[in-house]
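Here's a walk through one protein chain, from its cavities to its core and on to a few residues worth a look. Keep the viewer open as you read.

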Amino acid sequence: MPILDREHTVAPPGYSRWLIPPAALAVHLCIGQAYATSVYKTSMVKHFGSSQTAVGVVFSIAIVMLGLSAAIGGTWVERNGPRKAMFVAACFWSAGFLVGALGIGTGQLWLVYLGYGVIGGIGLGIGYISPVSTLIKWFPDRPGLATGLAIMGFGGGALVASPLSRQLLGLYDSGYDPNVSTSVAGDNALVGLFLTLGIGYFAIMMFGVFTIRVPADGWAPDGFDSAAVRQKTLVTSANVSAANAIKTPQFWLLWIVLFCNVTAGIGILEQASPMIQDFFRGADGTSSVAVAAAAGFVGLLSIFNMGGRFGWSSTSDVIGRKPIYALYLGIGIIAYTLLATVGQTSTAVFVLLAAVIISFYGGGFATAPAYLRDLFGTYQVGAIHGRLLTAWSAAGIAGPLIVNGFLDREGKPGTLTAAAYRPALFTMVGVLAVGFVANLLIRAVAGRFHEQPATATEAAR
């Protein structure tokens, strides 16, 4: 399909760069469904007769494959351009749902691991990084805002997928009531849900595929002053290849920073719906938070996840990447401590603390590509970003395992209380402290890692 090749995606004169973020959003809103898995997690546990950890592994595999596919496929994405990458991502993401539906229908959990986890995870990784390099090249004056506009879609995916999933489950199973906590969807409803999402998301992602463009050689926004950008702290005018970037201490320090920030946030997101109910469960085992309210909480976290990706990332264009990460991690330590100690005193306190934590979690993702651009330049920044996302893969295992491991030890779903979460929450405080120190140690990249001027010309393309 030649229309997918890079040479057929060069923007004509006068093409508005503000059309690029919506194209990226079309992909990121779809793959952001990964954050809505907690909505049907209980139904999956019941259907397969397994533990929370066993079902949570589906999500972990998807995140692991996200990082691995982004790392391995990053250079391919840079070489082939965003349109082909988005198309490949749509195919894998949709196929993941279809294979997952087969696994649910036949009662084979391993097929859900293969489908949603492995195949869908590849679509997650390729789709996530596909527009990043293009956005940075279209917005050299505001890279934080640009990547925030697109990546906020990934955080906001659950805002759409969470209520949509509940309504679809109710549509496909008349015995399922989305407003009753004890209601569990049947296998046919879960199959119907996965089939509908797989087909629907593919159609939406095609809008992004055929809207995305790359800037022509030598293009720059009106009034852009590259010299002013280079004067900011840690912003380089040189370029570093993906192969050299992973040899620098800066890359690995930023890897630790992202790993710690993601580990701390992903545990809450994966457990969001049952967590708020458990925190306010009475002695009689009944929660004061209805299942519909818990679903609303998942949606609210999506708003803050999405808003944090745009708001905090845009703020980093003003105050710098290193200070903004110090804020994410430092205030995150305080917020997690308060959540563990006083979070159960009031739903308002609980929701506020969780919202702040998740806004920092989202902001960390959206700021990472701009941080990489500052440290390593625009040359192969997409490929470097792909390699950095292996931190997300590791966190996708660590975060849910920490939370689910503690919860499985404390009791069964529907019987847990706030006390069951405290060991996991205090563990996250320590994780964030490690990330805070790693961020403080980041310095400018040494000149020996820079590309030669001849190669730097390619970076401008």
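Helices here are DSSP runs of H or I with at least four residues, strands are runs of E with at least two, and both are numbered from the N terminus. This is a predicted model, where local features need pLDDT of at least 70, side-chain atom pairs count only at pLDDT 80 or more, and totals for chains, interfaces and linings use all residues. Residues are numbered from 1 along each chain as its sequence is written, and side-chain values use heavy atoms, with hydrogens and water left out.

Start at α2. Right after this helix comes glycine 49, with a positive phi near 60 degrees. Within α2, the buried residues are Lys41, Ser43, Met44, Val45 and Phe48; buried means under 20% relative accessible area, exposed means over 50%, and partly exposed is in between, using a 1.4 Å probe and protein chains only.

Two of those α2 residues, Lys41 and Met44, turn up again in the lining of the largest cavity. A cavity is a set of points, on a 1 Å grid over the protein atoms alone, where a 1.4 Å probe fits but cannot get out, and its lining residues have an atom within 4 Å of a point. Points are joined across faces, edges and corners, and the volume is the space filled by probe spheres set on them. There are four cavities of 30 Å³ or more, and the largest holds about 120 Å³ of space. Its lining takes two or more residues from each of α2 (41-48), α3 (52-80) and α5 (109-129), with α3 giving the most, at four. Sorted by class, eight lining residues are nonpolar, two polar and two charged. In that scheme Ala, Val, Leu, Ile, Met, Phe, Trp, Tyr, Cys and Pro are nonpolar, Asp, Glu, Lys and Arg are charged, and the others, Gly among them, are polar.

Tyr116, also in that lining, leads us to the core. A nonpolar core is a set of buried Ala, Val, Leu, Ile, Met, Phe, Trp, Tyr and Cys residues joined through side-chain atoms within 4.5 Å. The largest one has 138 residues, and Tyr116 and Trp392 have the most contacts inside it. Helix α11 (residues 249-279) gives the most to this core, with 15 residues. Leaving out residues up to four places away in sequence, tryptophan 392 touches Tyr35, Ile63, Leu66, Tyr128, Phe154, Val262, Ile266, Tyr361 and Phe365, where contact means heavy atoms within 4.5 Å.

Now look at what packs against the start of the chain. Asparagine 80 belongs to α3 and is buried at 16% relative accessible area. Beyond its neighbours within four places in sequence, asparagine 80 contacts Leu4, Asp5 and Arg6. Arginine 83, in helix α4 (residues 82-106), is buried too, at 3%. Among its contacts more than four places away are Ile3, Leu4, His8, Thr9 and Phe210. Arginine 83 and threonine 9 are 74 residues apart along the chain, yet their C-alpha atoms are separated by 7.2 Å.

Why are there zero disulfides? A disulfide is a pair of cysteine sulfur atoms within 2.5 Å. The sulfur of cysteine 30 has its closest cysteine sulfur in cysteine 91, 13 Å away, so the two are too far apart for a bond. Cysteine 30 is buried at 2%, while cysteine 91 is partly exposed at 31%.

Key
1 Å grid on protein atoms, 1.4 Å probe; cavity = no way out; pocket = protein on both sides within 12 Å on 5 of 7 lines; lining within 4 Å.
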